[in-house]
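Trainee: Could you take me through this structure, one part at a time?
Mentor: Certainly; please keep the sequence and the structure in view while we talk.

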Amino acid sequence: MLEAKNIQQYYSGSHILRDVSLSAQTGRVTVLLGRNGVGKTSLLKSLMGVVPIKSGDIQFDGQPITRATPYERARAGIGYVPQGREIFGRLTVEENLLMGLASKPAGTPLPPQLFELFPVLKQMLHRRGGDLSGGQQQQLAIARALAAGPKLLVLDEPTEGIQPSIIKDIGRVIRKLADEGLNGQRMAVLLCEQYYDFAEELADDYLVLERGAVISQGSKAEMLSRGVRRLVSI
Ligand SMILES: Nc1ncnc2c1ncn2[C@@H]1O[C@H](COP(=O)(O)OP(=O)(O)OP(=O)(O)O)[C@@H](O)[C@H]1O
Ligand SMILES: [Mg+2]
């Protein structure tokens with residue numbers, strides 16, 4: 001579904017991503033691991049077109065998107081849950097969800113399955129986003145990214161600062177999205193994480209970044225046999 005090849009990225013003079021290649025396949029969860037500051041968020045932003053890349057090639061669903069705008073990538077079917085959630089605190093839950101439909105024709109309704117995945121959002125539909133707990137805001141950010149029915153969901157550290165019971169719920173949702181999507185159409189999931197146990201449980205495939213370069217990459221079985229936990233523990 002997503003194929004990125006030889007991505008190079010710089011912030012002013014510093015080389016942030018060094019020849020990074022990765023893929024994310026439909027029906028599979030690909031986890032992106034790495035310690036603080038290694039370039040995980042920069043990589044996801046470059047896949048989303050939020051920051052420009054110096055060179056490299058990105059294909060999505062068989063089409064080149066290397067030069068597409070973030071809006072065009074969303075419309076092509078990539079949903080993005082940014083680090084820190086970035087929900088609109090003064091807008092209601094419902095208004096936040098409707099923002100997720102910006103790439104769709106006016107009047108497109110919210111998929112009702114969102115509320116089956118996250119029942120709490122239905123109860124809180126008219127509350128302000130800023131009044132939700134951190135875990136509820138994370139669920140809202142995921143639901144907003146799902147509103148347009150993406151084929152690929154990209155999540156940047158969804159467990160950061162979230163209580164364990166909600167982390168479990170989010171894990172179940174991610175597995176379900178890969179296996180059956182919102183409406184029976186399997187999804188590709190690219191999950192960036194520092195919480196190793198959560199990542200290991202969900203992973204079908206993995207890659208590890210260190211100082212902007214991929215230092216290990218493979219399947220779940222390889223993740224276990226190569227002792228990847230050791231590469232990312234602090
Ligand atoms: N806008 C920016 N301008 C300059 N340097 C930046 C910018 N954003 C990030 N960096 C630097 O790029 C490097 C990678 O940052 P990035 O946020 O991608 O890491 P990360 O792996 O997501 O870290 P974390 O685990 O803390 O979220 C860091 O050294 C960071 O300081
Ligand atoms: Mg980050």
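**The sheets, the ligands and some single residues**

Mentor: Let us begin with an open sheet of four strands, whose order is β2-β1-β4-β5 and whose pairing is antiparallel. Please bear in mind that this is a predicted model.

Trainee: Which strands are the edge strands there?
Mentor: They are β2, residues 14-24, and β5, residues 63-64; each of them pairs on one side only.

Trainee: And how many bridges join β1 to β4?
Mentor: Five bridges join them; β1 covers residues 2-11, β4 covers residues 55-60, and the two run antiparallel. To find one of the pairs, start from Q8, whose bridge partner in β4 is S55.

Trainee: Which helix packs on this sheet?
Mentor: Helix α1, residues 40-48, packs on it and touches β1, β2 and β4. The direction of α1 makes about 65 degrees with that of β2.

Trainee: Why is α1 described as largely enclosed?
Mentor: Seven of the nine residues of α1 are buried, so the rest of the structure largely encloses the helix. The buried residues are K40, S42, L43, L44, S46, L47 and M48.

Trainee: What follows α1 in the chain?
Mentor: G49 follows it, with a positive phi near 80 degrees.

Trainee: New topic: the ligands. Which residues are closest to ligand 1?
Mentor: Ligand 1 is surrounded by 13 residues, and the closest are G37, K40, T41, S42 and Q194. From α1, a polar side-chain atom of K40 lies 2.7 Å from an oxygen atom of the ligand. For S42, the corresponding separation from an oxygen atom of ligand 1 is 2.5 Å, again from a polar side-chain atom. Q83 also places a polar side-chain atom 2.9 Å from an oxygen atom of ligand 1.

Trainee: What about the magnesium ion: which protein donors does it have?
Mentor: The magnesium ion is ligand 2, and its protein donors are T41, through OG1, and Q83, through OE1, at 1.9 to 2.2 Å. This pair links distant parts of the chain, as the two residues are 42 residues apart. T41 belongs to helix α1, whereas Q83 is in the loop between β6, residues 78-81, and α3, residues 93-99.

Trainee: Is Q83 buried, exposed or partly exposed?
Mentor: Its relative accessible area is 27%, so Q83 is partly exposed.

Trainee: Who else sits in that loop with an unusual phi? I noticed R85.
Mentor: R85 is found in the loop between β6 and α3. It has a positive phi of about 75 degrees although it is not a glycine. R85 counts as buried, with 15% relative accessibility.

Trainee: What is the phi of S12?
Mentor: It is positive, about 40 degrees, although S12 is not a glycine. S12 lies in the loop between β1 and β2. With a relative accessible area of 78%, which is over the 50% limit, S12 is exposed.

Trainee: Back to sheets. In what order do the six strands of the other one lie?
Mentor: That open sheet has the order β6-β7-β8-β3-β9-β10, with mixed pairing. Its edge strands are β6 and β10, each pairing on one side only. From one strand to the next, the twist averages 15 degrees.

Trainee: Do β3 and β9 run parallel or antiparallel?
Mentor: They run parallel, and four bridges join β3, residues 29-33, to β9, residues 205-210. One bridge to find is that of L33, whose partner in β9 is V208.

Trainee: Which helix packs on this sheet?
Mentor: Helix α6, residues 134-146, does so by touching β6 and β7, the latter being residues 152-156. The direction of α6 makes about 165 degrees with that of β6.

Trainee: Where is S216, and what is it in contact with?
Mentor: S216 is in strand β10, residues 213-219. Its relative accessible area is 11%, under the 20% limit, so S216 is buried. Leaving aside neighbours within four places in sequence, its contacts are Y206, L207, V208, R226, V228 and L231. With Y206 there is a polar contact of 2.6 Å between the side chains.

Trainee: Last one: where is Q113?
Mentor: Q113 is in helix α4, residues 113-117. It is partly exposed, with a relative accessible area of 22%. Beyond its neighbours within four places in sequence, Q113 is in contact with L182 and N183.

Key
Residues are numbered from 1 along each chain as its sequence is written. Chains are lettered from A and ligands numbered from 1 in the order in which they are written. This is a predicted model: local features need pLDDT of at least 70, side-chain atom pairs count only at pLDDT 80 or more; totals for chains, interfaces and linings use all residues. Side-chain values use heavy atoms; hydrogens and water are left out. Two strands pair if DSSP finds at least two bridges between them. Contact means heavy atoms within 4.5 Å. Axes are lines fitted to C-alpha atoms, for helices over the stretch in contact, and angles run from 0 to 180 degrees between N-to-C directions. Donors are N, O and S atoms within 2.8 Å of the metal (3.2 Å for Na, K and Ca); water is not among the atoms, so sites may look incomplete. Buried means under 20% relative accessible area, exposed over 50%, partly exposed in between (1.4 Å probe, protein chains only). A residue is near a molecule or strand if one of its heavy atoms lies within 4 Å of it. A polar contact is a pair of N or O atoms within 3.5 Å; within protein, one must be able to donate a hydrogen and the other to accept it, and residues adjacent in sequence count only if both atoms are side-chain atoms.
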